[in-house]
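Trainee: Could you take a close look at one part of this model with me, beginning with a single buried position and working outwards to its surroundings? I would like one connected account that I can follow residue by residue.

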Amino acid sequence: MKTFTAIVGRILFATPMLVFGLMHFMNASMMVGMVPIPGGEFWIYFTGTALIAAALSIYIQKFTKLACLLLSLMLMIFVFTIHLPGVMSGDSTTMQMSMSALLKDSALSGAALILASVYSNDTIKINQK
């Protein structure tokens, strides 16, 4: 049963990353305003590619530990550079939307770290003691 839940959990975690990555490509022009550094559209496509690559890595279980560690780092960068300024903006609508995104990305970052911790050299460690 542990193996089944690990497979389902892995797929449930990776699928939103794939969708978020695809959304970066489909909505790049709308997302450009959220990028806090120069080169806006490039960074939208870069992060979209990174999200898709992480999802694929998790699906096929190759470089999974590295992918999850990098994904967690990227999500925490989003938390501190995009969502936290929105939370601190003072505008109640922006603050509410940013807080939801901050909590979602923080939780996903934590889940990526948990997933990274159960992988070693692309083999799952769940059944090991």
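Mentor: Ser109 has a relative accessible area of 2%, and because buried means under 20%, Ser109 falls in the buried class. Please keep in mind throughout that this is a predicted model, so every value here is computed from predicted coordinates. Ser109 is found in helix 5, and, once residues up to four places away in sequence are set aside, Ser109 touches Ser72, Leu75 and Met76.

A second serine of the same kind of setting can be read alongside it. Ser98 also lies in helix 5, and Ser98 counts as buried because its relative accessibility is 12%. Leaving aside neighbours within four places in sequence, the contacts of Ser98 are with His83, Gly86 and Val87. The chain spacing can be put in numbers as well: Ser98 and Pro85 are 13 residues apart along the chain, while their C-alpha atoms are separated by 8.2 Å.

Between these two serines in the numbering comes a charged pair, Lys104 and Asp105, whose side chains meet in a salt bridge with an N to O distance of 2.7 Å; the count of salt bridges in the model comes to one. The two partners fall in separate accessibility classes, for Lys104, at 37% relative accessibility, counts as partly exposed, whereas Asp105, at 4%, counts as buried.

Asp105 also leads to the largest pocket, which holds about 1100 Å³ of space. This pocket is lined by 39 residues, and those closest to its centre are His24, Thr47, Phe78, Ile82 and Asp105. The elements that give two or more residues to this lining are helix 1 (2-26), helix 2 (28-31), helix 3 (40-60), helix 4 (64-87) and helix 5 (92-117). Helix 4 gives the most, with twelve residues. Sorted by class, the lining of the largest pocket has 29 nonpolar, eight polar and two charged residues.

The second largest pocket holds about 170 Å³ of space. Ten residues line this second pocket, and the closest to its centre are Ala6, Gly9, Arg10, Ile114 and Leu115. Helix 1 and helix 5 are the elements that give two or more residues to its lining, and helix 1 gives the most, with five residues. By class, this lining has seven nonpolar, two polar and one charged residues.

Leu115 then connects this pocket with the nonpolar interior. The largest nonpolar core has 17 residues, and those with the most contacts inside it are Phe13, Met17, Ile58, Cys68, Leu71 and Leu115. Helix 1, helix 3, helix 4 and helix 5 each give two or more residues to this core, and the largest share, five residues, comes from helix 4. Leaving aside neighbours within four places in sequence, Leu115 is in contact with Phe13, Ile58 and Cys68. As a general background, nonpolar side chains tend to be buried together in soluble globular proteins.

Read together, helix 5 holds the buried Ser109 and the buried Ser98, and helix 5 also gives residues to the lining of the largest pocket, to that of the second largest pocket and to the largest nonpolar core.

Conventions
Residues are numbered from 1 along each chain as its sequence is written. This is a predicted model: local features need pLDDT of at least 70, side-chain atom pairs count only at pLDDT 80 or more; totals for chains, interfaces and linings use all residues. Side-chain values use heavy atoms; hydrogens and water are left out. On a 1 Å grid over the protein atoms alone, a cavity is a set of points where a 1.4 Å probe fits but cannot get out, and a pocket is an open set with protein on both sides within 12 Å along at least five of seven lines; lining residues have an atom within 4 Å of a point. Grid points are joined across faces, edges and corners, and a volume is the space filled by probe spheres set on the points. Helices (H or I, at least four residues) and strands (E, at least two) are DSSP runs, numbered from the N terminus. Ala, Val, Leu, Ile, Met, Phe, Trp, Tyr, Cys and Pro count as nonpolar, Asp, Glu, Lys and Arg as charged, and the others, Gly among them, as polar. A nonpolar core is a set of buried Ala, Val, Leu, Ile, Met, Phe, Trp, Tyr and Cys residues joined through side-chain atoms within 4.5 Å. Buried means under 20% relative accessible area, exposed over 50%, partly exposed in between (1.4 Å probe, protein chains only). Contact means heavy atoms within 4.5 Å. A salt bridge is a side-chain nitrogen of Lys or Arg within 4 Å of a carboxyl oxygen of Asp or Glu.
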